[in-house]
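I opened the notebook and started looking things up. My entries follow in the order I made them.

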There are 2 protein chains.
Amino acid sequence: MAEAELDRLLTRATMRRIEIGEAVFEQGQKATRFFLLLHGRLKVAQVTPAGQQIIVRVVHPGDLFGFAQALQREDYPGTPIAAAESVVMSWPNEVWGSIVEQNPHLAVNAMRTIGQRLQEAHTRIREMSTEEVERRVAHAVLRLVEQAGRHDRDGVHVDFPLSRQDVAELTGTTLHTVSRLFSAWESQGIVKGGRQKLLVRDKSRLQALADGSTRSNSD
Amino acid sequence: MAEAELDRLLTRATMRRIEIGEAVFEQGQKATRFFLLLHGRLKVAQVTPAGQQIIVRVVHPGDLFGFAQALQREDYPGTPIAAAESVVMSWPNEVWGSIVEQNPHLAVNAMRTIGQRLQEAHTRIREMSTEEVERRVAHAVLRLVEQAGRHDRDGVHVDFPLSRQDVAELTGTTLHTVSRLFSAWESQGIVKGGRQKLLVRDKSRLQALADGSTRSNSD
DNA sequence: CGCGAGTTTGAGGCTGTTCAAAGAGGGTGG
DNA sequence: CCACCCTCTTTGAACAGCCTCAAACTCGCG
(Lines give C-alpha, C1' and ligand atoms only; values in the text may rest on other atoms or scores of the structure.)
Protein backbone atom coordinates (compact mmCIF):
# COMPACT_ATOMS: atom_id res chain seq x y z
CA MET A 1 0.00 0.00 0.00
CA ALA A 2 1.31 3.43 -0.89
CA GLU A 3 2.33 5.57 2.03
CA ALA A 4 0.21 8.45 0.94
CA GLU A 5 -2.75 6.16 0.99
CA LEU A 6 -1.91 4.88 4.44
CA ASP A 7 -1.72 8.46 5.62
CA ARG A 8 -5.09 9.23 4.20
CA LEU A 9 -6.41 6.16 5.98
CA LEU A 10 -5.03 7.15 9.33
CA THR A 11 -6.45 10.61 8.94
CA ARG A 12 -9.92 9.24 8.71
CA ALA A 13 -9.55 6.94 11.67
CA THR A 14 -10.97 7.55 15.11
CA MET A 15 -9.40 6.29 18.30
CA ARG A 16 -11.32 5.40 21.40
CA ARG A 17 -10.55 4.02 24.82
CA ILE A 18 -12.82 1.34 26.28
CA GLU A 19 -13.07 0.70 30.00
CA ILE A 20 -13.34 -2.78 31.45
CA GLY A 21 -16.87 -4.07 31.06
CA GLU A 22 -17.77 -1.44 28.50
CA ALA A 23 -19.04 -2.46 25.05
CA VAL A 24 -17.59 -1.06 21.84
CA PHE A 25 -20.98 -1.47 20.19
CA GLU A 26 -24.08 -3.54 20.78
CA GLN A 27 -25.32 -6.68 19.10
CA GLY A 28 -28.07 -5.80 16.63
CA GLN A 29 -26.95 -2.20 16.25
CA LYS A 30 -26.71 -0.89 12.73
CA ALA A 31 -23.16 -1.38 11.49
CA THR A 32 -21.70 1.95 10.46
CA ARG A 33 -18.03 1.49 11.22
CA PHE A 34 -15.39 -1.21 11.37
CA PHE A 35 -12.70 -1.57 14.00
CA LEU A 36 -9.17 -2.55 14.82
CA LEU A 37 -8.06 -3.47 18.32
CA LEU A 38 -4.82 -1.67 19.14
CA HIS A 39 -4.44 -2.60 22.76
CA GLY A 40 -6.26 -4.61 25.38
CA ARG A 41 -8.60 -7.52 24.93
CA LEU A 42 -12.25 -7.94 23.97
CA LYS A 43 -14.71 -10.78 24.41
CA VAL A 44 -17.37 -10.92 21.72
CA ALA A 45 -20.61 -12.04 23.30
CA GLN A 46 -23.93 -13.11 21.85
CA VAL A 47 -27.07 -13.24 23.90
CA THR A 48 -29.71 -15.87 23.30
CA PRO A 49 -33.41 -15.01 23.23
CA ALA A 50 -33.61 -16.69 26.64
CA GLY A 51 -30.99 -14.31 27.98
CA GLN A 52 -28.10 -16.72 28.25
CA GLN A 53 -24.79 -15.40 27.04
CA ILE A 54 -22.02 -17.11 25.14
CA ILE A 55 -18.63 -15.86 24.10
CA VAL A 56 -18.19 -16.18 20.38
CA ARG A 57 -14.52 -15.30 20.31
CA VAL A 58 -11.78 -13.28 21.91
CA VAL A 59 -10.31 -10.32 20.05
CA HIS A 60 -6.58 -9.77 20.40
CA PRO A 61 -4.52 -6.69 19.62
CA GLY A 62 -4.05 -6.35 15.87
CA ASP A 63 -7.34 -8.09 15.03
CA LEU A 64 -9.97 -6.48 12.89
CA PHE A 65 -13.50 -6.80 14.25
CA GLY A 66 -16.97 -5.50 13.58
CA PHE A 67 -16.57 -5.46 9.84
CA ALA A 68 -20.11 -6.70 9.41
CA GLN A 69 -20.54 -4.49 6.42
CA ALA A 70 -17.80 -6.28 4.53
CA LEU A 71 -19.99 -9.36 4.92
CA GLN A 72 -22.97 -7.42 3.61
CA ARG A 73 -24.64 -7.44 6.97
CA GLU A 74 -26.75 -4.55 8.15
CA ASP A 75 -26.08 -4.99 11.84
CA TYR A 76 -23.41 -6.24 14.19
CA PRO A 77 -23.90 -9.89 15.09
CA GLY A 78 -22.34 -9.66 18.55
CA THR A 79 -21.27 -7.34 21.34
CA PRO A 80 -17.52 -6.82 21.97
CA ILE A 81 -16.90 -6.16 25.64
CA ALA A 82 -13.57 -5.04 27.06
CA ALA A 83 -12.05 -7.73 29.27
CA ALA A 84 -9.16 -5.39 29.92
CA GLU A 85 -8.70 -1.69 29.40
CA SER A 86 -8.60 -1.39 25.62
CA VAL A 87 -7.94 1.02 22.78
CA VAL A 88 -9.68 0.64 19.45
CA MET A 89 -9.37 2.42 16.14
CA SER A 90 -12.31 2.65 13.78
CA TRP A 91 -13.28 3.80 10.32
CA PRO A 92 -16.56 4.55 8.62
CA ASN A 93 -17.74 1.77 6.35
CA GLU A 94 -17.33 3.86 3.21
CA VAL A 95 -13.59 3.69 3.64
CA TRP A 96 -13.72 -0.05 3.39
CA GLY A 97 -15.23 0.14 -0.06
CA SER A 98 -12.52 2.41 -1.39
CA ILE A 99 -9.79 0.32 0.18
CA VAL A 100 -11.06 -2.82 -1.44
CA GLU A 101 -11.45 -1.14 -4.80
CA GLN A 102 -7.95 0.23 -4.78
CA ASN A 103 -6.35 -2.79 -3.16
CA PRO A 104 -8.01 -6.03 -4.21
CA HIS A 105 -5.12 -7.62 -2.42
CA LEU A 106 -6.47 -6.38 0.86
CA ALA A 107 -9.85 -7.92 0.20
CA VAL A 108 -8.16 -11.24 -0.38
CA ASN A 109 -6.40 -10.81 2.89
CA ALA A 110 -9.56 -10.02 4.76
CA MET A 111 -11.08 -13.11 3.23
CA ARG A 112 -8.29 -15.22 4.59
CA THR A 113 -8.96 -13.86 8.03
CA ILE A 114 -12.60 -14.69 7.78
CA GLY A 115 -11.72 -18.09 6.42
CA GLN A 116 -9.60 -18.75 9.48
CA ARG A 117 -12.45 -17.75 11.68
CA LEU A 118 -14.77 -20.07 9.88
CA GLN A 119 -12.23 -22.77 10.38
CA GLU A 120 -12.05 -22.04 14.08
CA ALA A 121 -15.81 -22.09 14.33
CA HIS A 122 -15.95 -25.51 12.71
CA THR A 123 -13.28 -26.78 15.03
CA ARG A 124 -15.31 -25.58 17.95
CA ILE A 125 -18.45 -27.23 16.59
CA ARG A 126 -16.58 -30.47 16.18
CA GLU A 127 -15.25 -30.29 19.71
CA MET A 128 -18.66 -29.54 21.15
CA SER A 129 -20.15 -32.43 19.19
CA THR A 130 -17.65 -35.06 20.05
CA GLU A 131 -15.63 -34.18 23.12
CA GLU A 132 -16.53 -34.21 26.74
CA VAL A 133 -16.30 -31.13 28.84
CA GLU A 134 -12.85 -31.66 30.33
CA ARG A 135 -11.22 -31.93 26.93
CA ARG A 136 -13.12 -28.96 25.55
CA VAL A 137 -12.04 -26.81 28.45
CA ALA A 138 -8.47 -28.02 28.10
CA HIS A 139 -8.52 -27.09 24.42
CA ALA A 140 -9.95 -23.68 25.16
CA VAL A 141 -7.33 -22.95 27.79
CA LEU A 142 -4.55 -24.03 25.46
CA ARG A 143 -5.87 -21.73 22.77
CA LEU A 144 -6.07 -18.81 25.19
CA VAL A 145 -2.53 -19.39 26.34
CA GLU A 146 -1.41 -19.62 22.73
CA GLN A 147 -3.08 -16.39 21.72
CA ALA A 148 -2.68 -14.40 24.89
CA GLY A 149 0.08 -16.04 26.86
CA ARG A 150 2.64 -14.18 28.90
CA HIS A 151 5.64 -16.28 29.86
CA ASP A 152 7.03 -16.30 33.32
CA ARG A 153 9.35 -18.53 35.25
CA ASP A 154 6.40 -20.46 36.71
CA GLY A 155 4.73 -21.08 33.37
CA VAL A 156 2.40 -19.19 31.06
CA HIS A 157 -0.20 -16.69 32.22
CA VAL A 158 -3.35 -15.74 30.39
CA ASP A 159 -2.62 -12.10 29.90
CA PHE A 160 -6.00 -10.57 30.67
CA PRO A 161 -8.65 -10.96 33.38
CA LEU A 162 -10.58 -14.12 32.68
CA SER A 163 -13.23 -15.49 35.01
CA ARG A 164 -14.44 -19.06 35.33
CA GLN A 165 -17.72 -17.80 33.95
CA ASP A 166 -15.91 -16.60 30.82
CA VAL A 167 -14.33 -19.97 30.26
CA ALA A 168 -17.71 -21.60 30.77
CA GLU A 169 -19.26 -19.36 28.14
CA LEU A 170 -16.43 -20.17 25.76
CA THR A 171 -16.86 -23.90 26.13
CA GLY A 172 -20.57 -24.33 26.59
CA THR A 173 -20.61 -25.45 30.17
CA THR A 174 -21.26 -23.92 33.60
CA LEU A 175 -18.91 -21.98 35.81
CA HIS A 176 -19.32 -24.68 38.44
CA THR A 177 -17.95 -27.36 36.20
CA VAL A 178 -15.05 -25.15 35.12
CA SER A 179 -14.24 -24.39 38.73
CA ARG A 180 -14.24 -28.07 39.60
CA LEU A 181 -11.97 -28.87 36.67
CA PHE A 182 -9.52 -26.13 37.54
CA SER A 183 -9.45 -27.31 41.14
CA ALA A 184 -8.69 -30.85 40.03
CA TRP A 185 -5.98 -29.68 37.64
CA GLU A 186 -4.49 -27.44 40.27
CA SER A 187 -4.18 -30.30 42.70
CA GLN A 188 -2.25 -32.15 40.00
CA GLY A 189 0.03 -29.17 39.50
CA ILE A 190 -1.06 -28.59 35.92
CA VAL A 191 -2.46 -25.09 36.42
CA LYS A 192 -2.72 -22.49 39.11
CA GLY A 193 -5.87 -20.43 39.48
CA GLY A 194 -6.72 -17.14 41.03
CA ARG A 195 -9.38 -14.50 40.90
CA GLN A 196 -9.78 -13.91 37.16
CA LYS A 197 -6.32 -15.32 36.75
CA LEU A 198 -4.97 -18.44 35.17
CA LEU A 199 -1.46 -19.82 35.04
CA VAL A 200 -0.58 -22.92 33.07
CA ARG A 201 2.31 -24.68 34.75
CA ASP A 202 2.53 -27.80 32.65
CA LYS A 203 1.38 -27.25 29.13
CA SER A 204 2.28 -30.71 27.90
CA ARG A 205 0.13 -32.40 30.49
CA LEU A 206 -2.74 -30.09 29.63
CA GLN A 207 -2.21 -30.96 26.00
CA ALA A 208 -2.41 -34.61 26.92
CA LEU A 209 -5.78 -34.01 28.56
CA ALA A 210 -6.97 -32.15 25.49
CA ASP A 211 -5.83 -34.91 23.19
CA GLY A 212 -7.77 -37.38 25.23
CA SER A 213 -5.16 -39.61 26.73
CA THR A 214 -7.81 -41.18 28.91
CA ARG A 215 -5.59 -41.78 31.91
CA SER A 216 -4.02 -39.02 33.88
CA ASN A 217 -0.62 -39.62 35.36
CA SER A 218 0.02 -40.86 38.87
CA ASP A 219 -2.66 -43.47 39.31
CA MET B 1 -19.46 -9.87 -15.92
CA ALA B 2 -18.93 -9.64 -19.64
CA GLU B 3 -20.40 -12.47 -21.65
CA ALA B 4 -17.11 -13.18 -23.35
CA GLU B 5 -15.60 -13.66 -19.95
CA LEU B 6 -18.36 -15.95 -18.84
CA ASP B 7 -17.77 -18.02 -21.94
CA ARG B 8 -14.13 -18.26 -21.21
CA LEU B 9 -15.00 -19.37 -17.71
CA LEU B 10 -17.34 -22.11 -18.86
CA THR B 11 -14.74 -23.34 -21.31
CA ARG B 12 -12.32 -24.01 -18.51
CA ALA B 13 -14.85 -25.78 -16.35
CA THR B 14 -15.07 -29.51 -15.84
CA MET B 15 -18.28 -31.36 -15.08
CA ARG B 16 -18.45 -34.53 -13.08
CA ARG B 17 -21.15 -36.85 -11.82
CA ILE B 18 -20.96 -38.14 -8.25
CA GLU B 19 -22.69 -41.33 -7.14
CA ILE B 20 -24.39 -41.65 -3.79
CA GLY B 21 -21.82 -42.18 -1.08
CA GLU B 22 -18.97 -41.05 -3.28
CA ALA B 23 -16.71 -38.17 -2.20
CA VAL B 24 -15.91 -35.23 -4.46
CA PHE B 25 -12.56 -34.90 -2.74
CA GLU B 26 -11.07 -35.92 0.57
CA GLN B 27 -10.41 -33.94 3.72
CA GLY B 28 -6.73 -33.03 3.91
CA GLN B 29 -6.16 -33.38 0.19
CA LYS B 30 -4.27 -30.59 -1.47
CA ALA B 31 -6.76 -28.05 -2.79
CA THR B 32 -6.25 -27.60 -6.52
CA ARG B 33 -9.76 -26.82 -7.71
CA PHE B 34 -12.94 -25.16 -6.53
CA PHE B 35 -16.47 -26.40 -7.12
CA LEU B 36 -20.08 -25.54 -7.80
CA LEU B 37 -22.90 -27.95 -7.09
CA LEU B 38 -25.26 -28.02 -10.05
CA HIS B 39 -27.57 -30.80 -9.02
CA GLY B 40 -28.03 -33.18 -6.12
CA ARG B 41 -26.96 -32.75 -2.50
CA LEU B 42 -23.72 -33.10 -0.59
CA LYS B 43 -22.95 -33.54 3.08
CA VAL B 44 -19.62 -32.08 4.12
CA ALA B 45 -18.10 -34.31 6.76
CA GLN B 46 -15.13 -33.89 9.06
CA VAL B 47 -13.55 -36.82 10.82
CA THR B 48 -12.05 -36.42 14.26
CA PRO B 49 -8.70 -37.96 15.18
CA ALA B 50 -10.72 -40.53 17.13
CA GLY B 51 -12.61 -41.49 14.01
CA GLN B 52 -15.92 -39.95 14.87
CA GLN B 53 -17.63 -38.11 12.07
CA ILE B 54 -19.65 -34.92 12.09
CA ILE B 55 -21.49 -33.15 9.31
CA VAL B 56 -20.24 -29.61 8.99
CA ARG B 57 -22.88 -28.47 6.54
CA VAL B 58 -25.10 -29.51 3.67
CA VAL B 59 -24.36 -28.22 0.17
CA HIS B 60 -27.36 -27.34 -1.97
CA PRO B 61 -27.55 -26.83 -5.73
CA GLY B 62 -26.09 -23.46 -6.67
CA ASP B 63 -23.67 -23.40 -3.73
CA LEU B 64 -19.96 -22.95 -4.18
CA PHE B 65 -17.82 -25.32 -2.13
CA GLY B 66 -14.24 -26.40 -1.79
CA PHE B 67 -12.83 -22.96 -2.41
CA ALA B 68 -10.21 -23.49 0.25
CA GLN B 69 -7.67 -21.69 -1.83
CA ALA B 70 -9.69 -18.48 -1.72
CA LEU B 71 -9.21 -18.68 2.04
CA GLN B 72 -5.48 -19.21 1.58
CA ARG B 73 -5.68 -22.77 2.72
CA GLU B 74 -3.47 -25.44 1.27
CA ASP B 75 -5.84 -28.33 1.76
CA TYR B 76 -9.55 -29.05 1.90
CA PRO B 77 -10.90 -28.92 5.44
CA GLY B 78 -13.67 -31.47 4.92
CA THR B 79 -14.98 -34.23 2.70
CA PRO B 80 -18.11 -33.58 0.61
CA ILE B 81 -20.07 -36.80 0.15
CA ALA B 82 -23.01 -37.18 -2.19
CA ALA B 83 -26.23 -37.77 -0.26
CA ALA B 84 -28.04 -38.01 -3.57
CA GLU B 85 -26.84 -38.50 -7.11
CA SER B 86 -25.07 -35.20 -7.86
CA VAL B 87 -23.44 -33.18 -10.60
CA VAL B 88 -20.62 -30.76 -9.84
CA MET B 89 -18.71 -28.28 -11.94
CA SER B 90 -15.16 -27.34 -11.06
CA TRP B 91 -12.35 -24.99 -12.01
CA PRO B 92 -8.64 -24.91 -11.36
CA ASN B 93 -7.64 -22.50 -8.63
CA GLU B 94 -5.78 -20.20 -10.99
CA VAL B 95 -9.07 -19.17 -12.53
CA TRP B 96 -10.21 -17.85 -9.17
CA GLY B 97 -7.32 -15.44 -9.02
CA SER B 98 -8.05 -13.97 -12.43
CA ILE B 99 -11.75 -13.68 -11.67
CA VAL B 100 -11.10 -11.77 -8.50
CA GLU B 101 -8.61 -9.47 -10.14
CA GLN B 102 -10.93 -8.60 -12.97
CA ASN B 103 -14.07 -8.51 -10.86
CA PRO B 104 -13.44 -7.23 -7.37
CA HIS B 105 -17.19 -7.22 -7.11
CA LEU B 106 -17.18 -10.98 -7.25
CA ALA B 107 -14.72 -11.20 -4.41
CA VAL B 108 -17.03 -9.08 -2.32
CA ASN B 109 -19.81 -11.42 -3.17
CA ALA B 110 -17.85 -14.49 -2.20
CA MET B 111 -17.03 -12.78 1.03
CA ARG B 112 -20.68 -12.31 1.78
CA THR B 113 -21.24 -16.01 1.26
CA ILE B 114 -18.46 -16.87 3.65
CA GLY B 115 -19.80 -14.33 6.08
CA GLN B 116 -23.16 -16.05 6.03
CA ARG B 117 -21.50 -19.35 6.69
CA LEU B 118 -19.62 -17.89 9.61
CA GLN B 119 -22.91 -16.61 10.88
CA GLU B 120 -24.47 -20.04 10.57
CA ALA B 121 -21.54 -21.61 12.36
CA HIS B 122 -21.93 -19.19 15.25
CA THR B 123 -25.62 -19.90 15.44
CA ARG B 124 -24.86 -23.57 15.65
CA ILE B 125 -22.28 -22.99 18.36
CA ARG B 126 -24.79 -20.98 20.32
CA GLU B 127 -27.41 -23.68 19.97
CA MET B 128 -25.02 -26.39 21.03
CA SER B 129 -23.94 -24.34 24.02
CA THR B 130 -27.31 -23.40 25.33
CA GLU B 131 -30.04 -25.64 23.98
CA GLU B 132 -30.96 -29.15 24.85
CA VAL B 133 -31.03 -31.87 22.30
CA GLU B 134 -34.70 -31.76 21.37
CA ARG B 135 -34.56 -28.10 20.46
CA ARG B 136 -31.32 -28.49 18.54
CA VAL B 137 -32.75 -31.30 16.48
CA ALA B 138 -35.93 -29.33 15.87
CA HIS B 139 -33.87 -26.38 14.65
CA ALA B 140 -31.81 -28.59 12.38
CA VAL B 141 -34.90 -30.18 10.84
CA LEU B 142 -36.47 -26.79 10.26
CA ARG B 143 -33.33 -25.60 8.53
CA LEU B 144 -33.23 -28.68 6.32
CA VAL B 145 -36.84 -28.24 5.36
CA GLU B 146 -36.20 -24.59 4.63
CA GLN B 147 -33.21 -25.26 2.41
CA ALA B 148 -34.25 -28.52 0.84
CA GLY B 149 -38.00 -28.76 1.26
CA ARG B 150 -40.32 -30.20 -1.34
CA HIS B 151 -43.95 -29.31 -0.73
CA ASP B 152 -46.68 -31.85 -0.92
CA ARG B 153 -50.27 -32.00 0.22
CA ASP B 154 -49.23 -33.79 3.42
CA GLY B 155 -46.56 -31.26 4.33
CA VAL B 156 -42.93 -30.67 3.45
CA HIS B 157 -40.45 -33.39 2.57
CA VAL B 158 -36.71 -33.22 2.97
CA ASP B 159 -35.78 -33.63 -0.65
CA PHE B 160 -32.81 -35.99 -0.35
CA PRO B 161 -32.05 -39.21 1.51
CA LEU B 162 -31.32 -38.35 5.10
CA SER B 163 -30.71 -40.94 7.80
CA ARG B 164 -31.17 -40.60 11.55
CA GLN B 165 -27.42 -40.95 11.77
CA ASP B 166 -27.01 -37.89 9.52
CA VAL B 167 -29.28 -35.80 11.71
CA ALA B 168 -27.34 -36.98 14.74
CA GLU B 169 -24.07 -35.89 13.16
CA LEU B 170 -25.56 -32.52 12.33
CA THR B 171 -26.74 -31.89 15.85
CA GLY B 172 -24.07 -33.50 17.97
CA THR B 173 -26.10 -36.32 19.40
CA THR B 174 -26.60 -40.05 18.73
CA LEU B 175 -28.84 -41.74 16.21
CA HIS B 176 -30.67 -43.36 19.10
CA THR B 177 -31.71 -40.07 20.57
CA VAL B 178 -32.77 -38.76 17.18
CA SER B 179 -34.82 -41.87 16.56
CA ARG B 180 -36.55 -41.52 19.89
CA LEU B 181 -37.33 -37.87 19.22
CA PHE B 182 -38.72 -38.60 15.77
CA SER B 183 -40.85 -41.37 17.21
CA ALA B 184 -42.22 -39.05 19.85
CA TRP B 185 -42.92 -36.32 17.30
CA GLU B 186 -44.53 -38.79 14.94
CA SER B 187 -46.93 -39.96 17.61
CA GLN B 188 -47.92 -36.31 18.04
CA GLY B 189 -48.48 -35.93 14.31
CA ILE B 190 -45.73 -33.35 13.90
CA VAL B 191 -43.57 -35.36 11.50
CA LYS B 192 -43.66 -38.62 9.64
CA GLY B 193 -40.53 -40.71 9.30
CA GLY B 194 -39.36 -43.43 6.98
CA ARG B 195 -36.18 -45.07 5.87
CA GLN B 196 -33.92 -42.10 5.09
CA LYS B 197 -37.06 -40.03 4.69
CA LEU B 198 -38.56 -37.21 6.63
CA LEU B 199 -41.85 -35.40 6.23
CA VAL B 200 -42.77 -32.40 8.33
CA ARG B 201 -46.53 -32.28 8.77
CA ASP B 202 -46.87 -29.41 11.18
CA LYS B 203 -44.12 -26.90 10.82
CA SER B 204 -45.52 -24.44 13.32
CA ARG B 205 -45.58 -27.00 16.09
CA LEU B 206 -42.04 -27.99 15.27
CA GLN B 207 -41.11 -24.32 15.38
CA ALA B 208 -42.71 -24.10 18.80
CA LEU B 209 -40.50 -26.95 20.00
CA ALA B 210 -37.45 -25.25 18.54
CA ASP B 211 -38.33 -21.97 20.21
CA GLY B 212 -38.59 -23.75 23.50
CA SER B 213 -42.22 -23.47 24.42
CA THR B 214 -41.69 -25.92 27.23
CA ARG B 215 -45.09 -27.53 27.08
CA SER B 216 -46.38 -29.49 24.15
CA ASN B 217 -50.04 -29.24 23.23
CA SER B 218 -52.65 -31.94 23.88
CA ASP B 219 -53.63 -32.86 27.40
C1' DC C 1 -36.66 -64.72 -0.28
C1' DG C 2 -32.90 -63.62 2.31
C1' DC C 3 -29.61 -60.37 3.48
C1' DG C 4 -27.95 -55.91 5.07
C1' DA C 5 -28.49 -51.27 6.19
C1' DG C 6 -31.23 -48.44 8.67
C1' DT C 7 -34.35 -48.02 12.53
C1' DT C 8 -36.72 -48.78 16.93
C1' DT C 9 -36.89 -49.60 21.75
C1' DG C 10 -35.47 -50.88 26.46
C1' DA C 11 -32.58 -50.67 30.60
C1' DG C 12 -28.99 -48.79 33.22
C1' DG C 13 -25.37 -45.72 34.32
C1' DC C 14 -22.52 -41.62 34.06
C1' DT C 15 -21.40 -36.96 33.13
C1' DG C 16 -22.57 -32.60 33.92
C1' DT C 17 -26.32 -29.58 35.50
C1' DT C 18 -29.07 -27.45 39.04
C1' DC C 19 -29.75 -25.79 43.50
C1' DA C 20 -27.69 -24.19 47.63
C1' DA C 21 -24.54 -22.07 50.58
C1' DA C 22 -20.28 -20.84 52.33
C1' DG C 23 -15.59 -18.96 51.50
C1' DA C 24 -11.90 -15.59 49.74
C1' DG C 25 -9.76 -11.77 47.26
C1' DG C 26 -9.44 -6.95 46.52
C1' DG C 27 -11.01 -2.48 46.06
C1' DT C 28 -13.14 1.46 48.48
C1' DG C 29 -14.57 4.58 51.80
C1' DG C 30 -14.59 5.91 56.40
C1' DC D 1 -5.12 1.62 57.76
C1' DC D 2 -8.72 -1.20 58.67
C1' DA D 3 -13.31 -2.91 57.92
C1' DC D 4 -16.78 -3.76 54.85
C1' DC D 5 -18.88 -5.22 50.74
C1' DC D 6 -19.21 -6.97 46.24
C1' DT D 7 -17.90 -10.14 43.02
C1' DC D 8 -15.79 -14.21 41.95
C1' DT D 9 -14.92 -18.77 43.43
C1' DT D 10 -15.29 -23.20 45.74
C1' DT D 11 -17.63 -27.22 47.17
C1' DG D 12 -21.47 -30.38 48.30
C1' DA D 13 -25.61 -33.05 47.25
C1' DA D 14 -29.16 -34.63 44.34
C1' DC D 15 -31.15 -35.06 40.06
C1' DA D 16 -31.74 -35.70 35.05
C1' DG D 17 -30.84 -35.80 30.40
C1' DC D 18 -28.48 -38.24 27.32
C1' DC D 19 -25.34 -41.85 26.10
C1' DT D 20 -23.90 -46.63 26.03
C1' DC D 21 -24.88 -51.22 25.49
C1' DA D 22 -27.87 -54.60 23.70
C1' DA D 23 -31.17 -56.72 20.92
C1' DA D 24 -35.03 -57.07 17.94
C1' DC D 25 -37.34 -55.40 13.97
C1' DT D 26 -38.40 -53.84 9.04
C1' DC D 27 -37.88 -52.00 4.77
C1' DG D 28 -36.10 -52.51 0.20
C1' DC D 29 -32.99 -54.37 -2.87
C1' DG D 30 -30.55 -58.00 -5.31
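**Entry 1: a hairpin.** I began with two strands of chain A. E2(A) and E3(A) form a hairpin, with five residues between them. In the turn I found A:Gly51, which has a positive phi of about 95 degrees. I noted early on that this is a predicted model.

Next I looked at how the strands pair. Strand E2 covers residues 33–47 of chain A, and six bridges join it to E3(A). The two strands run antiparallel. I picked out one pair: A:Val44 stands opposite A:Arg57 in E3(A).

**Entry 2: burial of E3(A).** How many of the seven residues of strand E3 of chain A are buried? I found six. The strand spans residues 53–59. With six of its seven residues buried, it is largely enclosed by the rest of the structure.

**Entry 3: two domains.** I then looked up how chain A is divided. Domain 1 spans 3–127 and domain 2 spans 131–211. Their centres, taken over C-alpha atoms, are 26 Å apart. I checked the contacts too: 10 residues of domain 1 of chain A are in contact with 11 residues of domain 2 of chain A.

Which strands supply the domain 1 side of chain A that touches domain 2? E2, E3 and strand E5 (79–92) of chain A each supply at least two residues. E3(A) has the largest share of that side, with four residues. By class, I wrote down five nonpolar, two polar and three charged residues for that side.

**Entry 4: the two chains.** I laid chain A on chain B. The RMSD is 0.1 Å, after a turn of 180 degrees and a shift of 0.1 Å along the axis. That is the relation of a two-fold axis. In chain A, the C-alpha nearest the axis belongs to A:Leu118, 2.6 Å from it.

I also compared the interface residues. Of those in chain A, 100% are also interface residues in chain B, so the copies meet through the same surface.

**Entry 5: DNA strand D.** My last stop was the DNA. I found that 20 residues surround DNA strand D. The closest are A:Ser163, A:Ser183, B:Glu132, B:Val133 and B:Thr177.

Which helices supply at least two residues each of the surface near DNA strand D? From chain A, I listed helix H5 (164–171) and helix H6 (175–187). From chain B, I listed helix H4 (133–148) and helix H6 (175–187). H6(A) gives the most, with six residues. I sorted this surface by class: three nonpolar, 11 polar and six charged residues.

Definitions and conventions:
Residues are numbered from 1 along each chain as its sequence is written. Chains are lettered from A and ligands numbered from 1 in the order in which they are written. This is a predicted model: local features need pLDDT of at least 70, side-chain atom pairs count only at pLDDT 80 or more; totals for chains, interfaces and linings use all residues. A residue is near a molecule or strand if its C-beta atom, placed from the backbone, lies within 6 Å of it. Ala, Val, Leu, Ile, Met, Phe, Trp, Tyr, Cys and Pro count as nonpolar, Asp, Glu, Lys and Arg as charged, and the others, Gly among them, as polar. A residue is buried if 20 or more other C-beta atoms lie within 10 Å of its own, exposed if 12 or fewer, and partly exposed in between; C-beta atoms are placed from the backbone. Two strands pair if DSSP finds at least two bridges between them. Domain bounds come from an automatic or database domain assignment. Two residues are in contact if their C-beta atoms, placed from the backbone, lie within 7 Å. Copies are superposed by least squares on the C-alpha atoms of residues with pLDDT of at least 70 in both.
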